[in-house]
Amino acid sequence: MNLTDRQIAARAGAGDVAAYVQLVERYRAPLIGYVFGLTGRREEAEELAQDAFCRVWEKLPTLRRRDRLVSWLYRIAHNLAVSARRRPRLAVLTHDPPGPEAKSADHLLAVHRAVAGLPEPQRVIVSLRHFSGLSHEEIAGVLSIPAGTVRSRLSRAYDKLRPVLAPLMEV
């Protein structure tokens, strides 16, 4: 049975594990993509997304506005990513030579680095749009800002990203 987000919030808030599983299945990949856009590290993004889902499960019974479940989930994940950025990270060294997929991985890393270099309001919107696949209206709901603001920030972000990513298109 496919539930709406509001139904999921109501049922999961009452302890329905199946409803909560549906929430996780629906938003796991987009949330990981969003957090990856903020952190630039896949494993860390997966851990932070899982932590966000755990916190939602713990606090779901206290959620007053059931229609804000997804916004709340993304806000928790965003705050966790910001906190993680403040902690020092250990460097990981590998001895593996680069494989044939290294070029596309390098391009992906370059895109994520370019997005990470944007001012936070633009970085968040680009991440929600392109790494999580949210529409302008959904982003506006998540961030509690007008859809026009989403469009203008996205346009400014594209203007900044275009010259940085243009060399990737020439290869």
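Axes are lines fitted to C-alpha atoms, for helices over the stretch in contact, and the angle between two of them runs from 0 to 180 degrees between N-to-C directions. The exercises below apply this to a predicted model.

**Exercise 1.** Describe how helix 1 and helix 2 pack against each other, and decide which class their angle belongs to.

*Solution.* Begin with the geometry: helix 1, residues 5-13, and helix 2, residues 17-39, pack at an angle of about 140°, and their axes lie 8 Å apart. Next, compare this angle with the cut-offs, under which angles over 145 degrees count as roughly antiparallel, 65 to 115 as roughly perpendicular, under 35 as roughly parallel and the rest as oblique. The angle of about 140° therefore makes helix 1 oblique to helix 2. The crossing in which helix 1 passes helix 2 is left-handed.

Then turn to the residues that make the contact: helix 1 contributes D5, I8, R11 and A12, while helix 2 contributes A19, Y20, Q22, L23, R26 and Y27. Sorted by character, the residues of this contact comprise six nonpolar, one polar and three charged.

**Exercise 2.** Carry out the analysis for helix 3 and helix 4, giving the angle, the handedness and the residues that meet.

*Solution.* The starting point is again the geometry, for helix 3, residues 42-59, packs with helix 4 at an angle of about 130°, with the axes 9 Å apart. This angle is why helix 3 counts as oblique to helix 4. As for the handedness, helix 3 and helix 4 cross in a right-handed way.

On the side of helix 3, the residues in the contact are E44, L48, D51, A52, F53, R55, V56 and K59, and they meet L69, W72, L73, I76, A77, L80, A81 and A84 of helix 4. When these residues are classified, twelve are nonpolar, none is polar and four are charged.

**Exercise 3.** Find how many cavities of 30 Å³ or more the structure holds, and state which residues line the largest cavity.

*Solution.* The count comes to one cavity of 30 Å³ or more, and the volume of the largest cavity is about 40 Å³. Its lining is made up of Y34, S71, Y74, R75, H78, V124, V142 and L143.

To place this lining within the fold, look for the elements that give two or more residues to it, which are helix 4 (69-86) and helix 7 (136-143). Helix 4 gives the most, with four residues. In character, the lining of the largest cavity divides into five nonpolar residues, two polar ones and one charged one.

Key: Residues numbered from 1 in each chain as written. Predicted model: local features only at pLDDT ≥ 70, side-chain atom pairs only at ≥ 80, totals over all residues. Heavy atoms only, no water. Left-handed = near helix turned anticlockwise from the far one by under 90°. Contact = heavy atoms within 4.5 Å. Nonpolar A, V, L, I, M, F, W, Y, C, P; charged D, E, K, R; others polar. 1 Å grid on protein atoms, 1.4 Å probe; cavity = no way out; pocket = protein on both sides within 12 Å on 5 of 7 lines; lining within 4 Å. Points joined across faces, edges and corners; volume = space filled by probe spheres on them.
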